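Biologist: I'm new to this one, so please take me through chain A up close. I'd like to hear how it is laid out and what it touches.

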Amino acid sequence: MKTIINEQDRRNFVSQVETMLHDKLAKCYQCGKCSAGCPVNFEMDYTPNQIIKMTELGMQDPVLNSKTIWLCVSCNTCSTRCPKGFEVAGIMDVLREIATRKGIESKTEKEIQVFHKVFLDNVKSNGRIFELELVGKYRLKTKRLFRDMFLAPKMIEKGKLRMSGDKVSAINSIAKIFRDFE
Amino acid sequence: MSRIGVFVCWCGSNIAGTVDVKKLTEEAAKIPGVVEAVDYKYMCSDPGQNSLRNMIREKNLTGVVLAACSPHMHENTFRKAAVKEGLNPYFVEIANIREQVSWVHEDKERATYKAMDLLKMMVEKVKRDRAIEDVRVPLTKRALVIGGGISGMQAALDIASGGVEVILVEKEPSIGGRMIQLDETFPTLDCSSCIMTPKMVEVSQHPNIKLYTYSEVENVSGYIGNFNVKIKKMTKSVVEKDCTGCGDCWNACPMHKNVKSEFNINLSERTAIYVPFPQAVPLVPVIDRAACLHFKKGGKCVKCYEVCGPKCIDFTIQDEIIEEKVGAIVAATGFDLMDNSLYGEYGYGKYKDVISGLQFERLLSASGPTEGVIKRPSDGKTPQTIVFIQCVGSRDPEKGVPYCSKVCCMYTAKHAKLFSHKVHGSQSYVFYIDIRATGKGYEEFIRDTIEKDGVVYLRGRVSKIYQDRDKLIIRGADTLSGNQVEIAADMVVLATGVIPKKGSDKIAQMLGISYDKYGFFTESHPKLRPAESSTAGIYLAGMAQGPRDIPESVVSGSAAASKILGLFSKSEYEVEGTIAGVNKTTCVGCFYCQRVCAYSAISKEEIKDRNGNVIKVVANVNPGLCTGCGACVNACFSKSIDVKGYMDDQIYAEIRSLAI
C-alpha cells in the first residue's frame with residue numbers, strides 16, 4: 001500500500017488523537033510487546049504496534065477502517081506491559097470514537113460497532129451498566145432478539161441479570177466526563 | 001660435556017592425573033647428559049624454584065629442562081630463577097606437558113609416552129643452546145604525531161605534557177581536523193569550536209610541541225626508538241613568523257568567486273590566499289598556487305603583497321624538506337566521507353538540496369557559509385521539512401561498505417533536533433534501518449529527539465528522490481506499518497558512510513603498519529593492544545583505526561600518548577634476543593629474505609675489503625625490528641639465516657631424538 005504523507009493532515013490527525021488520548025504517540029519505540037501479548041492479535045488485520053505507527057504517520061483511512069480497533073477487547077494486557085507506559089488500549093478506544101464520529105461504518109465488524117454505541121449510551125444514561133437494557137438494545141439493533149436467550153434464566157438465578165436498573169447517584173459527574181470527552 | 005637437570009612438575013593433579021610423573025622422572029634420568037631428574041608438586045612455587053636454583057648451584061648445571069605448563073605461563077619465572085644462579089636465561093627450556101599432553105589426552109600410558117618424547121626433544125635442544133644476550137636499542141626521546149585532528153592533538157598534548165618533545169604534522173593549513181567542522185556535538189550539544197579552539201591554541205603554544213601545518217610526512221625509515229622522518233613542508237608563500245593574521249591579504253584577493261571552500265565542503269567560495277576558517281591555528285594564510293593569479297598570469301597580480309602591512313608575503317618561497325629524528329610515531333590520519341553519487345536514486349549532485357551530513361553541519365554552524373541560518377543551497381529559502389536518510393553507503397556490502405559508520409545515528413538525531421530548535425514548526429523525517437545509540441546518554445538523546453522535538457522516524461530505506469516544482473519527493477518504505485510512503489520535503493540530508501582518509505594506505509605502507517581491506521589501520525591486538533600498530537614504536541589513534549566518536553577518539557589519542565611515555569620512561573628499549581642472525585660468509589645476497597620479511601627488518605650490507613672495494617652485498621638484520629618469526633629462515637636458499645635459540649642443528653637434534 002502506498003501512502004502519501006501530507007504534513008498538515010498528519011499533524012492534525014496526530015494532535016486529535018493525542019488530545020483525546022492524553023498521551024504522546026512518539027513515546028512508542030515499536031518494540032512489539034503489545035502485539036506479542038495481545039489475545040486477539042490472531043484476528044487483527046494490523047498489529048497494535050502497527051496501528052500506533054500508522055497513526056503517527058497520519059494514515060487515517062487504513063487505521064479508522066481497520067478490524068483491529070474494533071477487535072480490541074480492552075483487556076489492557078498491552079498497556080500494563082508497555083515498557084514506555086504508553087496507553088495502547090487507550091488508543092484503540094480513541095480511534096473507535098473518531099471512527100464513530102466520522103460516521104465510518106466497519107465493513108467487517110458491524111456488530112461490535114453497534115455494541116460499542118449501545119454500551120456507551122448505557123453508561124451515559126445510567127452511570128453504570130444495566131445488563132438487561134444493554135442486551136435488549138443490542139439484540140434489537142442487530143436484529144437477533146432471541147440469540148442466547150436460553151442463558152437468561154440461569155443468569156437471573158445466579159443474580160447476574162437484574163430486572164431493574166439503578167443509576168449511580170453522581171450521574172452529573174458521569175455526564176461531565178462524557179461532555180469533556182466530546 | 002652437558003650437565004642437565006630435569007624437573008617434572010605435577011601441577012597438582014593437572015599433569016599428575018594424566019601423566020605418570022614418577023615414571024617420566026625415572027626415564028628422564030637415563031637420558032645421556034642428564035645429571036639428575038626430580039619431580040615436584042608445583043615447580044612454580046617458591047620451594048619449587050628454590051629446588052631448581054639449588055640444583056643449578058650444587059650440580060653445576062649447564063642447562064635446565066622443565067616438563068611443565070606452557071612457556072607462556074612460567075618461562076619467565078624459571079628464567080629469572082636461573083639468572084639468579086648465574087645461568088644464561090636461554091639455557092632454560094620447557095617441555096609443555098600440560099596444554100599439549102595432560103589437558104588434551106586421557107590414556108595415561110600413551111600420554112606419558114608423549115610427555116617423554118617432548119622431554120627428550122627439549123633435552124637435545126638444551127644441549128645445543130648457546131648463550132643469548134637480549135638486545136638493547138637506544139631511544140630517541142621525541143615523538144611524531146601524524147594528523148592534527150582531535151585524536152592527534154590529544155596525543156600530542158599528552159606526550160608534550162609528559163615532558164617529551166612532539167612534532168605534529170598536519171596536511172591542512174590549520175589543525176582541528178574534522179571536529180572543528182562540526183557545529184554542536186552529541187549528546188550534550190556543546191559547541192564544537194568552543195571546546196576545540198582552546199585546545200588548538202594550547203597545541204600551538206605548548207613549548208614541547210613543534211607544529212608543521214600544510215605539511216606531509218614524505219618518508220619514514222628506521223625502527224622503534226630510531227625513526228628518521230622526512231617532512232615535506234609545502235610552501236605557504238607567507239613568512240609565518242612575520243604574519244599577524246590581520247586578513248588584509250585575503251580581503252584584497254581578486255579571486256573570490258572561483259574556488260570552492262574545502263572547509264565548507266563546496267557550500268561557499270574562498271579566495272586564492274586564504275585561511276580555511278576564521279579561528280584557524282596558526283592564523284596564517286596560505287596561497288593556493290593553482291588558483292592564484294600571480295602564479296597563473298606570470299607574476300602580474302600582487303594585490304595581497306601591496307596591502308600586506310608587515311610585507312610577509314613572499315612568492316618565491318619553495319617547498320622545504322625537513323628531517324627529524326624521533327623514537328615513536330602516532331598515526332592519526334582521520335577519515336573521509338564516501339562518495340554520495342554512488343547512489344543515483346538519492347540524486348546527490350543532481351539536486352542541489354540533497355546534501356551530506358557534513359555539509360548540513362556547516363549550514364548549522366555560526367561560522368559556516370550561512371552564518372548558522374539554515375538555508376537550502378538551491379534558492380536560499382529556509383526549509384520547513386527535511387528528510388534525513390541514514391546508512392548511505394554504510395552497511396551496504398553490495399555498493400558501499402559492510403561496516404557500520406557508528407556516528408551517523410547520533411549526528412542525524414542531532415541534526416533533526418537542532419533543525420527543530422532553529423526553525424520552529426518545522427518537521428524532520430528520518431529513514432533508518434536500526435538505531436545504534438550505545439554511548440553514555442545516547443539512547444536518551446535519541447528518545448528526546450523523537451518524543452520532545454517531534455521528529456518522525458521511519459524504519460526503512462528510500463528508493464527514489466525526484467523533484468516536483470520546488471519540492472523534493474522522497475519515496476521510501478516504513479516497514480513497521482508495512483507501507484510504501486511518499487513525503488514532500490524541502491531538503492534531503494544523507495548520512496554518508498565513513499571511510500579512511502584518502503592516502504592513508506600510502507601512509508601505512510610508508511610506516512610499515514598493516515591495514516584492513518577498507519584501509520583502516522589494524523591494531524596489534526583488537527582487544528588487548530588497541531593502541532599499538534603491528535610495528536613496534538608506531539601507535540594508532542582516532543578514526544584512522546575505524547569509525548568512532550569524539551570521546552573515543554580522545555581516549556585513543558591519550559592511550560597512544562601513554563604508551564609512548566611508558567616506552568620513553570626507560571633509558572633503552574629491550575628486545576628478546578631470539579632474533580634472526582645472518583651468516584655473512586655463506587650469504588649470497590639474493591635478498592629473498594627481504595621480500596618475505598613482514599617487519600622490514602632486513603637491509604643490505606656491503607662487505608668491503610681493506611681498500612674499501614665492495615666484495616659482496618649481504619643481508620643484515622635490524623634487531624630493533626626483528627620479531628624472530630622465522631619467515632626468512634624458511635626463505636633462505638643458502639641456509640644462511642637462523643633464529644637464535646632455534647638453530648638448525650637444534651631442530652634436527654630434536655627430531656633425531658624421537659628416533660632413539
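Modeller: Happy to, and let me start with a term we'll need: a polar contact is a pair of N or O atoms within 3.5 Å, and within protein one of them must be able to donate a hydrogen and the other to accept it. Bear in mind, too, that what you're looking at is a predicted model.

Now put the term to work inside chain A. The chain is divided into domain 1, residues 7-101, and domain 2, residues 110-181. Between these domains of chain A you'll find one residue pair in polar contact, counting pairs with both residues at pLDDT 80 or more. As for salt bridges between domain 1 and domain 2 of chain A, the count is zero.

Let's step back for the overall layout. Chain A has 11 helices and one strand, and the strand comes at the N-terminal end, with the helices following along the chain. Its C-alpha atoms fill a box of roughly 55 × 35 × 30 Å along the principal axes. Within that, the C-alpha centres of domain 1 and domain 2 of chain A are 26 Å apart. Where they meet, domain 1 of chain A puts in eight residues and domain 2 of chain A puts in six.

How much area does that meeting hide? About 670 Å² is buried between domain 1 and domain 2 of chain A, and carbon and sulfur atoms give 69% of it. On the domain 1 side, look for A:W70, A:E97 and A:T100: together they supply 62% of the area that this domain buries against domain 2 of chain A, more than any other three residues. The elements of chain A giving two or more residues to that side are α5 (68-71) and α7 (88-101). Of the elements on that side, α7(A) gives the most, with five residues. By type, the residues on the domain 1 side split into three nonpolar, one polar and four charged.

Chain A also has a partner, chain B, and here the contact takes 20 residues from each of chains A and B. The buried area between chain B and chain A is about 1800 Å², with carbon and sulfur atoms giving 47%. From chain B, the top trio is B:E451, B:L480 and B:E486, which supply 29% of the area that chain B buries against chain A.

There are polar links here as well. Between chain B and chain A, 14 residue pairs are in polar contact, with both residues at pLDDT 80 or more, and the salt bridges count two. One of the salt bridges joins B:E451 to A:K84, with the closest N and O atoms 2.7 Å apart.

Which elements of chain B give two or more residues to the side touching chain A? They are β22 (427-432), α13 (442-451), β23 (456-459), β25 (471-478) and β26 (483-489) of chain B. Among the elements on this side, β26(B) gives the most, with five residues. The chain B side as a whole divides into eight nonpolar, seven polar and five charged residues.

That brings us back to the strand of chain A. Strand β1 of chain A, residues 2-5, pairs with β26(B) in the parallel sense over four bridges. If you'd like a landmark there, find A:I4, which stands opposite B:E486 in β26(B). You've met B:E486 already: it belongs to the trio that supplies 29% of the area chain B buries against chain A.

Key:
Residues numbered from 1 in each chain as written. Chains lettered and ligands numbered in written order. Predicted model: local features only at pLDDT ≥ 70, side-chain atom pairs only at ≥ 80, totals over all residues. Heavy atoms only, no water. Domains from an automatic or database assignment. Contact = heavy atoms within 4.5 Å. Buried area = accessible area lost by both parts, 1.4 Å probe. Salt bridge = Lys/Arg side-chain N within 4 Å of Asp/Glu carboxyl O. Polar contact = N/O pair within 3.5 Å; in protein donor to acceptor, adjacent residues only side chain to side chain. Nonpolar A, V, L, I, M, F, W, Y, C, P; charged D, E, K, R; others polar. Pairing = 2+ DSSP bridges.
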